[in-house]
Every structure is written in structure tokens, then in C-alpha cells.
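Q: Please take a close look at one part of this model and describe how it is built and what packs around it. One long, connected answer is preferred to a list.

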Amino acid sequence: MPLNPPISSWRERRVWVVGASTGIGRALAEGLLARGARVAVSARRTGPLNELAQAQGEAVVVLPLDVTDAGQVRDAAEALVARWGGCDLVLCVAGNYQPMRAWELDLSAARQLVEVNVMGVFNVVHAVLPALLAQGGGGIGIVSSVAGFRGLPRSLVYGPTKAALINLAEALYLDLHGRGVAVHVINPGFVKTPLTDQNDFQMPALISAEEAAAHTLRGIERGAFEIHYPKRFTLLLKLLRVLPYRWYFPMIHRITGL
């Protein structure tokens with residue numbers, strides 16, 4: 001049995017994509033619109049959001065915000081619920097990435113990553129949860145990463161923020177499943193986006209943002225709790241996840257050369 005209610009049709013479903021200006025978020029918004037959903041899009045940069053709205057028409061609601069500003073997120077959520085009368089799914093996609101090694105630790109950059117990747121999700125959850133509970137249904141999807149499975153080189157801050165999101169999604173599921181609210185955690189491997197374009201190493205099993213969005217939506221349709229892709233890469237990382245440290249550390253050094 002699926003851990004969440006399956007979705008047979010997206011037509012007229014009300015979906016809020018937070019972090020929709022580029023990458024997976026933008027591809028998710030476009031994929032949902034193509035499937036007949038009503039989509040609200042949020043990000044700091046209004047230009048890409050307005051372009052999407054102009055191309056798609058009245059099916060798109062533009063709600064610019066900074067995900068680190070709890071007041072802006074709350075105001076946007078209240079405006080959306082007032083306009084739509086509720087919301088069926090909120091996708092927390094906004095995030096930032098900066099490769100970092102231990103000897104490069106930058107506290108300012110670390111705080112910024114934590115604020116966007118972790119506190120940004122808490123801000124969204126806090127803003128939308130009262131409405132979801134009041135209507136007795138709906139769902140929350142959180143985009144984390146396979147970087148949150150275990151510690152990795154170059155992932156000194158990014159990895160811990162994503163590990164926090166996996167743990168958060170698990171706790172949310174335990175609290176909310178019995179109250180009718182679905183929870184999904186999305187753990188992509190390498191996806192070609194403006195963020196990963198800064199990597200200076202070969203990214204195995206790299207997929208496009210459109211492929212990532214398609215995998216994500218299929219997983220939500222199935223009612224999955226965890227959605228991870230591409231399987232040829234993520235299943236290997238899941239295997240590494242259960243290895244004892246005495247095997248894991250040498251293997252990661254061997255695989256990455258770091």
C-alpha cells in the first residue's frame with residue numbers, strides 16, 4: 001500500500017511551487033500546468049515567474065517572496081488560500097548550494113545555506129500547515145537530496161542541510177499521516193541546474209530538470225513517501241548508506257578521489 005493517497009489526475013488541483021524560477025522548481029511548475037493543475041509560483045526573482053504567467057495565462061498565480069522571510073511566506077500563503085479557498089499540494093523546492101571543504105569553512109555562507117535550505121522549508125510548513133489541517137487534506141513535498149544520505153566531500157554544509165530535511169519529512173509524516181496530510185521527500189541525484197553548473201567535476205548519472213520533474217510527479221502520483229532518482233545512481237548511494245564507517249570512508253575516498 002502507498003504511504004500517501006495516490007493522485008489519479010492533476011486537473012484543477014491547486015499546487016504551490018516555492019522556488020519556481022529555475023531548475024527543478026520551474027520544470028515542476030511547467031509539468032503541472034501541462035497536466036491541468038492550477039499553479040502558484042514563488043521565488044525571489046519575479047522576472048522568470050512573470051514570464052511563466054504570461055506564457056500560461058490565468059492558470060498561474062505569481063507570489064514573489066524571499067523564503068527566508070517568514071512574514072513574506074505567511075502573507076503569500078494567506079493570499080493564496082484566500083484566492084483559491086485552499087491548497088492541495090505545496091512543493092518546497094527553494095534551495096541553495098555551495099561546494100565547501102572543511103578547510104574552506106565560511107560561516108557567513110554556512111548561515112545562508114541553513115537559512116535557505118532548512119529554515120526556508122520551516123517557514124513554508126509553518127505558513128501552510130494550518131490551512132491543510134483545517135481542510136483535512138492536501139500534501140507537502142520537500143525537495144532534499146541524496147547528499148543528505150551520508151557525509152560527502154565538498155558537501156560540508158549543503159549535505160547537513162539536506163540530511164535535516166530528510167529527518168524533517170520523516171517527522172512530519174509521523175505527525176500528519178493520521179490527520180490526512182500527505183508528506184513526500186524528494187531526493188534527486190545530480191540534476192543539471194544553474195546550481196550544479198558550478199561543479200568542476202564529472203557528475204554521474206546527470207539528468208535534466210525536466211526528467212527530475214517527471215520522476216517527482218510520478219512519485220507523488222503513486223503516493224510514495226520517498227521519491228529518489230535516477231535509480232541507477234540513487235540505489236548505489238542507498239547501499240553505501242548502510243555500510244559501516246570502516247568500509248564507507250575508504251570507499252568514498254576511492255570513488256571520489258578526494
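A: Two residues are said to touch, or to be in contact, when heavy atoms of one lie within 4.5 Å of heavy atoms of the other. In that sense, and leaving aside residues up to four places away in sequence, Thr 193 touches Gly 23 and Ile 24. The model is a predicted one. Thr 193 sits in the loop that joins β7 (191-192) to β8 (207-208). With a relative accessible area of 13%, Thr 193 falls under the 20% limit and therefore counts as buried. Its C-alpha atom is 32 Å from that of Arg 83, a residue 110 positions away along the chain.

The part chosen for the close look is the open sheet, with strand β4 as the starting point. Seven strands make up this sheet, in the order β3-β2-β1-β4-β5-β6-β9, and their pairing is parallel. β3 (60-62) and β9 (226-229) are the edge strands; each has a single partner, so one side of each has no neighbour in the sheet. From one strand to the next the twist averages 15 degrees.

Within that order, β4 has β1 on one side and β5 on the other. The pairing of β1 with β4 is parallel and runs over four bridges. One residue pair on this side is Val 17, whose bridge partner in β4 is Leu 91. β4 (residues 89-92) also pairs with β5 (residues 139-143) in the parallel sense, again over four bridges. On the β5 side, Val 90 stands opposite Ile 140, and Cys 92 stands opposite Ile 142.

The side chains of β4 can be read against a general pattern. In a regular strand, side chains alternate between the two faces of the sheet. In β4, Leu 89 and Leu 91 are on one side, while Val 90 and Cys 92 are on the other. These four residues are all buried, and both faces of the strand are covered.

Further along the sheet order, β6 follows β5. His 184 belongs to β6, and its relative accessible area of 3% makes it buried. Not counting residues up to four places away in sequence, the contacts of His 184 include Leu 89, Ile 140, Gly 141 and Ile 142. The contact list of His 184 also holds Asn 4, Ile 220, Gly 223, Ala 224, Phe 225 and Ile 227. Gly 223 has a further relation to the start of the chain: its C-alpha atom lies 8.9 Å from that of Met 1, although the two are 222 residues apart in sequence. Met 1 belongs to the segment before β1 (14-18). Its relative accessibility of 96% is over the 50% limit, so Met 1 counts as exposed.

Helices lie across the strands at both ends of the order. Helix α2 (residues 46-56) lies across β2 (38-42) and β3, and runs at about 155 degrees to β3. Helix α7 (residues 231-241) lies across β6 (182-188) and β9, and its direction is about 115 degrees from that of β9.

Helix α5 connects this part with other helices through its packing. Its buried residues pack against α4, β5, β6 and α7. Among these buried residues are Tyr 158, Thr 161, Lys 162, Leu 165, Leu 168, Leu 172 and Leu 176. The end C-alpha atoms of α5 (residues 158-176) are 27 Å apart, and 27 Å is also what 1.5 Å a residue gives for its 19 residues, so the two values agree.

Two packed helices are described by the angle between their axes and the distance between the axes. For α4 and α5, the angle is about 15 degrees and the axes are 9 Å apart. α4 is therefore roughly parallel to α5, and their crossing is right-handed. From α4, the residues in this contact include Leu 113, Val 114, Val 118, Val 121, Phe 122 and Leu 129; from α5 they include Ala 164, Leu 165, Leu 168 and Leu 172.

Helix α4 (residues 107-135) also meets helix α3 (residues 70-84), with the axes coming within 8 Å and crossing at roughly 30 degrees. This angle makes α3 roughly parallel to α4. The contact uses Ala 70, Val 73, Arg 74, Ala 77 and Val 81 of α3, and Asn 123, Val 124, Ala 127, Val 128 and Ala 131 of α4. The crossing of α3 past α4 is right-handed.

Conventions. Residues numbered from 1 in each chain as written. Predicted model: local features only at pLDDT ≥ 70, side-chain atom pairs only at ≥ 80, totals over all residues. Heavy atoms only, no water. Pairing = 2+ DSSP bridges. Helix = DSSP H or I, 4+ residues; strand = E, 2+ residues; numbered from the N terminus. Axes fitted to C-alpha atoms, helices over the stretch in contact; angles between N-to-C directions. Buried < 20%, exposed > 50% of the residue type's maximum accessible area, 1.4 Å probe, protein only. Parallel < 35°, antiparallel > 145°, perpendicular 65-115°, else oblique. Left-handed = near helix turned anticlockwise from the far one by under 90°. Expected span 1.5 Å × (residues − 1).
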